[in-house]
Amino acid sequence: MIASVAGRVAAVAPDGAVIEVGGVGILTHCTPGTLATLKVGEETRLATSLVVREESLTLYGFATDDERAVFELLQTASGVGPKLALAMLAVHTPHALRVAVAAADLKALTKVPGIGQKGAQRIVLELKDRLGTPAEAVDAALNGDRGTALWRDQVHSGLVGLGYSAKDADEAVAAVEHEAEADLAAGRPLRVAALLKSALRSLSVR
């Protein structure tokens with residue numbers, strides 16, 4: 001595997017850059033954020049990930065090792081290939097993606113072209129334990145101005161992931177809404193795990 005390339009920037013295009021290494025120009029596909037850090041004629045180092053296909057070898061370049069790690073982890077989710085993973089990093093930083101997945105922020109994930117509601121739900125369910133949880137950022141997101149929307153999405157996704165229908169999940173979320181609103185009104189932090197348990201109880205007593 002080619003873990004990194006270091007050399008002179010020979011060219012920059014809308015979707016990638018050519019890095020000259022030992023007299024060889026190596027094409028690396030990059031996010032707009034990474035491309036913005038490159039200047040033709042200057043030296044650079046990019047963390048890279050080589051994607052091997054039967055008909056091609058494609059190198060993807062990143063400004064940081066963390067960005068490359070997230071790119072590779074994203075592809076472990078069903079339906080996420082290198083192009084979609086790169087698109088996700090073009091829209092969101094690695095930190096923002098961790099927050100979105102940990103908080104089940106489906107709205108943020110569907111901002112990425114090619115990701116619909118079902119795809120976002122699948123990504124949350126499959127990656128929530130892989131990308132890592134930025135606890136402080138998630139807590140802030142859940143208890144900020146958008147807290148109501150975020151807890152609803154997370155509880156709903158959790159129920160669907162456990163096999164309940166979307167209709168049942170909607171009813172269960174409505175059943176625990178008063179509990180979440182009471183916590184917010186009292187200034188208490190929202191605990192999504194507790195809300196999910198309450199939602200499950202509401203389904204079991206129907």
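**Figure 1. Burial and overall composition of the predicted model.** Buried residues, defined by a relative accessible area under 20% (exposed is over 50%, partly exposed in between; 1.4 Å probe, protein chains only), account for 41% of the 206 residues in the protein. This is a predicted model, in which local features need pLDDT of at least 70 and side-chain atom pairs count only at pLDDT 80 or more, while totals for chains, interfaces and linings use all residues. Residues are numbered from 1 along each chain as its sequence is written, and side-chain values use heavy atoms, with hydrogens and water left out. The secondary structure comprises 11 helices and 5 strands; helices (H or I, at least four residues) and strands (E, at least two) are DSSP runs, numbered from the N terminus. With contact taken as heavy atoms within 4.5 Å, 52% of the contacts between residues at least 6 apart in sequence join residues at least 24 apart.

**Figure 2. The aromatic cluster of Tyr-60, Phe-62 and Phe-71.** A search of the whole structure yields 2 aromatic pairs. Rings of Phe, Tyr and Trp (its six-membered ring) pair if their centres lie within 6.5 Å; planes under 30 degrees apart count as stacked, over 60 as edge-to-face and the rest as tilted. Tyr-60 and Phe-71 form a tilted pair, with 5.1 Å from centre to centre and 40° between the planes. Tyr-60 belongs to strand β5 (residues 56-62) and Phe-71 to helix α2 (residues 65-74), so this pair ties together parts that are 11 residues apart in sequence. The rings of Phe-62 and Phe-71 have centres 4.8 Å apart and planes at 45°, so this pair is tilted. Ring pairs thus link Tyr-60, Phe-62 and Phe-71 into a cluster. Both Tyr-60 and Phe-71 are buried; the relative accessibility of Phe-71 is 0%. Phe-62 is buried, with a relative accessible area of 0%.

**Figure 3. Packing of helix α2 against helix α3.** Two packed helices are described by the angle between their axes and the distance between the axes. Axes are lines fitted to C-alpha atoms, for helices over the stretch in contact, and angles run from 0 to 180 degrees between N-to-C directions. Helix α2 packs with helix α3 (residues 82-91) at an angle of about 135°, and the axes are 9 Å apart. The two helices are therefore oblique to each other; angles under 35 degrees count as roughly parallel, over 145 as roughly antiparallel, 65 to 115 as roughly perpendicular and the rest as oblique. The crossing of α2 and α3 is right-handed, a crossing being left-handed if the near helix is turned anticlockwise from the far one by less than a right angle, and right-handed if clockwise. Helix α2 contributes Glu-67, Val-70, Phe-71 and Leu-74 to the contact, and α3 contributes Pro-82, Ala-85, Leu-86, Met-88 and Leu-89. By class, this contact has 8 nonpolar, no polar and 1 charged residues; Ala, Val, Leu, Ile, Met, Phe, Trp, Tyr, Cys and Pro count as nonpolar, Asp, Glu, Lys and Arg as charged, and the others, Gly among them, as polar.

**Figure 4. Packing of helix α2 against helix α4.** The axes of α2 and helix α4 (residues 94-102) are 10 Å apart, with a packing angle of about 40°. That angle makes α2 oblique to α4. The contact involves Asp-66, Glu-67, Val-70 and Leu-74 of α2, together with Pro-94, Leu-97 and Arg-98 of α4. These residues divide into 4 nonpolar, no polar and 3 charged.

**Figure 5. Surroundings of Asp-65 and Ala-100.** Asp-65 is found in helix α2 and counts as partly exposed, at 41% relative accessibility. Leaving aside residues up to four places away in sequence, Asp-65 touches Arg-45 and Ala-47. The C-alpha atoms of Asp-65 and Ser-4 are separated by 9.1 Å, although these residues are 61 apart along the chain. Ala-100 lies in helix α4 and counts as buried, at 4% relative accessibility. With residues up to four places away in sequence not counted, Ala-100 touches Asp-105, Ala-108 and Leu-109.

**Figure 6. Crossing of helices α9 and α11.** The axes of helix α9 (residues 166-175) and helix α11 (residues 192-204) come within 8 Å and cross at roughly 115°. That makes α9 roughly perpendicular to α11. The crossing is right-handed. Asp-168, Ala-172 and Ala-175 of α9 meet Ala-199, Ser-202 and Leu-203 of α11. The contact residues comprise 4 nonpolar, 1 polar and 1 charged.
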